[in-house]
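Here are two short exercises to work through with the model open beside you. Try each task before reading its solution.

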Amino acid sequence: MKKTYDYGTAWRILRPESITDQLFIKAQRIRTLEEKKISKVGEDITGEYIGIVNYCVIAMMQLDCEPGSPVELAPDHVSKLFDDRVTETKDLMFAKNHDYGEAWRDMRISSLTDLILMKILRVKQIEDNKGQTLASEGIKANYQDMLNYAVFALIKLGVK
C-alpha cells in the first residue's frame, strides 16, 4: 500500500503475461542465489519472496478488474482489493495446511522455490492457451499457491 501512495496503480498497465514474467524474474533470481550462494548486488532472497507475494496479489487484483476499468484506482479501493485477495488466499492456505498436515514445515526452502517456478511455468502455458484448461486449476489458483509457497519460505527464513 505504501507503494500505491508513492506510484499510484501503475501496475494496472501490465498485461497478465507481464506480471507472470515479473514473477518468473523474481523466482529465477532466488534460484540463482540459492545455487551460487552470492549476490553481486547485495540483496538477499527475502526481498524477492516478498516481491512474489505482492506480484501474486497484484495479479489476482488485475484478474478482478473489468476490461476498460481505469488504470488509476483509488488507494482505498486498492486496499480493499488487496485485503480481499490476501484473506481469500490465507483461508485457502489454512484449509490446505489442515489437509496436508503442514508438510511445508519439513520442506527445504529450495523446494518451495522450485514449486513456485513450476507454478509460473504452468501459468505461462495456460496464458499461451488463452486460459483454456482441460483438467487443471486455473490461473488464480496457481497465483494463490505461489503466494502461499512464498509465505512459507519467508516463515522458514524467520521473517515476521
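A pocket here is an open set of grid points where a 1.4 Å probe fits, with protein on both sides within 12 Å along at least five of seven lines. Its volume is the space filled by probe spheres set on those points. Keep in mind that this is a predicted model.

**Exercise 1. Describe the largest pocket: what is its volume, and which residues and helices line it?**

Step 1. Start with the volume, which comes to about 600 Å³ for the largest pocket.

Step 2. Turn to the lining, made up of 20 residues. Nearest the centre of the pocket lie K3, W11, N54, Y55 and I58.

Step 3. Assign the lining to helices. At least two residues come from each of α1 (2-7), α3 (45-64) and α4 (75-100). The top contributor is α3, with seven residues.

Step 4. Sort the lining by class: twelve residues are nonpolar, five are polar and three are charged.

**Exercise 2. Find how many disulfides the structure has, and explain the result for C56 and C65.**

Step 1. Search the whole structure; the count of disulfides is zero.

Step 2. Recall the cut-off: a disulfide needs two cysteine sulfur atoms within 2.5 Å.

Step 3. Apply it to C56. The closest cysteine sulfur to its own is that of C65, 16 Å away, so the gap is too far for a bond. Seen from C65, the closest cysteine sulfur is in C56.

Step 4. Check the surroundings. C56 counts as buried because its relative accessibility is 0%. C65 also counts as buried, at 16%, since the limit for buried is under 20%.

Notes. Residues are numbered from 1 along each chain as its sequence is written. This is a predicted model: local features need pLDDT of at least 70, side-chain atom pairs count only at pLDDT 80 or more; totals for chains, interfaces and linings use all residues. Side-chain values use heavy atoms; hydrogens and water are left out. Buried means under 20% relative accessible area, exposed over 50%, partly exposed in between (1.4 Å probe, protein chains only). On a 1 Å grid over the protein atoms alone, a cavity is a set of points where a 1.4 Å probe fits but cannot get out, and a pocket is an open set with protein on both sides within 12 Å along at least five of seven lines; lining residues have an atom within 4 Å of a point. Helices (H or I, at least four residues) and strands (E, at least two) are DSSP runs, numbered from the N terminus. Ala, Val, Leu, Ile, Met, Phe, Trp, Tyr, Cys and Pro count as nonpolar, Asp, Glu, Lys and Arg as charged, and the others, Gly among them, as polar.
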